[in-house]
Amino acid sequence: QVFSLRDLKEAKDKILTSIEGQVYDVSSNPDMYGPGGSYAVFAGHDITYCLAITSLETENLDRPYNNLSEDEQSRVNAFKERFNSKYPIVGTLQTNSSL
């Protein structure tokens, strides 16, 4: 399934987030990604750039990530491996979805 950023934000019965264009369903961990959770800010957004620079700031959500340093890309890869082992990939993010 192909999602837009709007689809991620407006998901009704799922908590979705995206890393490098892969959309993950993180609903199984509402304590972290649901309202009031430590990473609730990530729900409904592409979080690639946030992971690259280890930021929870909202201004770093949904940002382009095509010019990451080697260290930043390595950080993203590590998070992506973790997400791949914990959460189902439910689709991809539209490439023209304002990134």
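**Paired strands and the largest pocket**

Strand β2 (residues 16–19) pairs with strand β3 (residues 22–25) in the antiparallel sense, over 4 bridges, where strands are DSSP runs of E with at least two residues, numbered from the N terminus, and two strands pair if DSSP finds at least two bridges between them. This is a predicted model, in which local features need pLDDT of at least 70, side-chain atom pairs count only at pLDDT 80 or more, and totals for chains, interfaces and linings use all residues. Residues are numbered from 1 along each chain as its sequence is written, and side-chain values use heavy atoms, with hydrogens and water left out.

**Strands**

- Across the pairing of β2 and β3, Ser18 stands opposite Val23 in β3.
- The hairpin of β2 and β3 has 2 residues between the strands, and in this hairpin Glu20 takes a positive phi near 45 degrees.
- Strand β3 is also joined by 3 bridges to strand β4 (residues 89–93), and the two run antiparallel, with Tyr24 opposite Ile89 in β4.

**Largest pocket**

- The largest pocket (an open set of points on a 1 Å grid over the protein atoms alone, where a 1.4 Å probe fits, with protein on both sides within 12 Å along at least five of seven lines) has a volume of about 220 Å³, the volume being the space filled by probe spheres set on the points.
- Of the 14 residues that line this pocket, those closest to its centre are Tyr33, Tyr39, Leu51, Phe79 and Arg82, lining residues being those with an atom within 4 Å of a point.
- At least two lining residues come from each of α2 (30–33), α3 (48–52) and α4 (70–86), helices being DSSP runs of H or I with at least four residues, and α4 gives the largest share, 4 residues.
- The lining divides into 10 nonpolar, 2 polar and 2 charged residues, where Ala, Val, Leu, Ile, Met, Phe, Trp, Tyr, Cys and Pro count as nonpolar, Asp, Glu, Lys and Arg as charged, and the others, Gly among them, as polar.
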